[in-house]
Amino acid sequence: MPGKKLKIVVTRKLPAPVELRMKELFDARLNEDDHPFSQDELVEAMQTADVLVPTVTDHLDGRVMARAGEQLRLIAQFGAGVDNIDVQSAVQRGITVTNTPGVLTDDTADVAMALILAVPRRLHEGAQIMDTGGFDGWTPTWMLGRRLAGKRLGIIGMGRIGQAVARRAKAFGLQIHYHNRKPVSARIEELLEATYWDSLDQMLARMDIVSINCPHTPATFHLMNSRRIDLMKEDAFIVNTSRGEVIDEAALARAIKAGKLAGAGLDVFEREPTVNPELLNLPNVLLLPHMGSATIEGRVEMGEKVIINIKTFADGHRPPDRVIPAIL
């Protein structure tokens, strides 16, 4: 591949500086009108491009992968998660898969912390009251929420983002607890004053707020199912900024409506862009349009990582963000 100007297909519109650099370096086919690619368009791109640059909304399962052309050698995902890609099928066909980890940590953690603050303090409800002219003046017992300081925060998934959430939450006086495949280092636990729970079920039963920060994998699909949601305290809250598929949304809606859970803050959904209608218009549920990573800086840095991965691959070297199926 060295010396060859690679033909790349980008499935969604990217920040202007990223697209400009791509056009300079590669034979780039961009998505000027930002329409979501159909399955047929994805297949056509995979049959003509040397490199495909998809996003998390493009579903590249084994059936789509089987129709890829022989010339396709790299899938350079614009995104950290790769649950939309059958990585094993890609590798079996000799296609390298890369992603963009690390650059979205602070942006996503900021939104998670915003939800952790907003939902117990009923900020969404308060804003709606102001928008509809329902504020008649302060009274001692109106719009009472929950104090954060001293409450227990249970983090599911203590990777980069989980740790960044923990750092922010600790500054607000929350006690940090976490469940992970294995404990983090003793140094990080000491720094965050974090308590490890080997049993997710036991942790859930004791938390005031639960923040989901784990990836979506077959093992985490509906990790928060009806049984586990029922373990939580009736005055507890749940926040999700990772992947919607980790929560059984129907079970979540039932629990909130039945008063078995105090509320939720969600930035991701099980069947995006569709939102479970049972979650809509609930006063104690704050819904955001998957904007955890939506900063100018973050999206440009994602694009720069994509370019580095493609350029490194084109130069005959192993891309820095190559995805290894065995560690998913």
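The following legends describe an overview and several close-up views of a predicted model. Residues are numbered from 1 along each chain as its sequence is written, and side-chain values use heavy atoms, with hydrogens and water left out. Because the model is predicted, local features need pLDDT of at least 70 and side-chain atom pairs count only at pLDDT 80 or more, whereas totals for chains, interfaces and linings use all residues.

**Figure 1. Overview of the chain, with its twelve helices and twelve strands.** Helices (H or I, at least four residues) and strands (E, at least two) are DSSP runs, numbered from the N terminus. The radius of gyration, taken over C-alpha atoms, is 22 Å, close to the 20 Å that the globule rule gives for 328 residues, so the chain is as compact as a globular protein of that length. That rule is 2.2 Å times the number of residues to the power 0.38. Along its principal axes the C-alpha trace spans about 70 × 50 × 35 Å. Of the 328 residues, 49% are buried; buried means under 20% relative accessible area, exposed over 50%, and partly exposed in between (1.4 Å probe, protein chains only). Among contacts (heavy atoms within 4.5 Å) with a separation of 6 or more, 59% join residues 24 or more positions apart.

**Figure 2. Close-up of helix α2 (residues 39–48) and its buried residues.** L42, V43, A45 and M46 are the residues of interest, and each is buried. They cover an arc of only 160° around the axis, which puts them on the same side of α2. The arc is that of the directions from the helix axis to the C-beta atoms. An α-helix has 3.6 residues a turn, so residues three or four places apart point the same way. The buried residues of α2 pack against strands β1 (7–10), β2 (27–29) and β3 (51–53), and against helix α3 (62–65).

**Figure 3. Close-up of helix α1 (residues 16–25), with its buried residues V18, E19 and M22.** These three cover an arc of only 95° around the axis, which puts them on the same side of α1. A16 and P17 are exposed on the other side of the helix. The cover over the buried residues of α1 includes β1, β2, β3 and α12 (296–314).

**Figure 4. Close-up of A76 in strand β4 (residues 74–76).** A76 is buried, with a relative accessible area of 0%. Leaving aside neighbours within four places in sequence, A76 is in contact with V51, L52, V53, P54, T98, V306 and I310. The C-alpha atoms of A76 and I8, 68 residues apart along the chain, are separated by 9.6 Å.

**Figure 5. Close-up of the cis peptide bond from E272 to P273.** Omega for this bond is near 5°. P273 lies in the loop between β11 (263–266) and β12 (285–287).

**Figure 6. Close-ups of M143 and H290, two residues with a positive phi.** Most residues other than glycine have a negative phi, and most peptide bonds are trans. M143, which is not a glycine, has a phi of about 55° and lies in the loop between α6 (123–131) and β6 (152–156). H290, also not a glycine, has a phi of about 50° and is placed in the loop between β12 and α12. H290 is partly exposed, with a relative accessible area of 28%.
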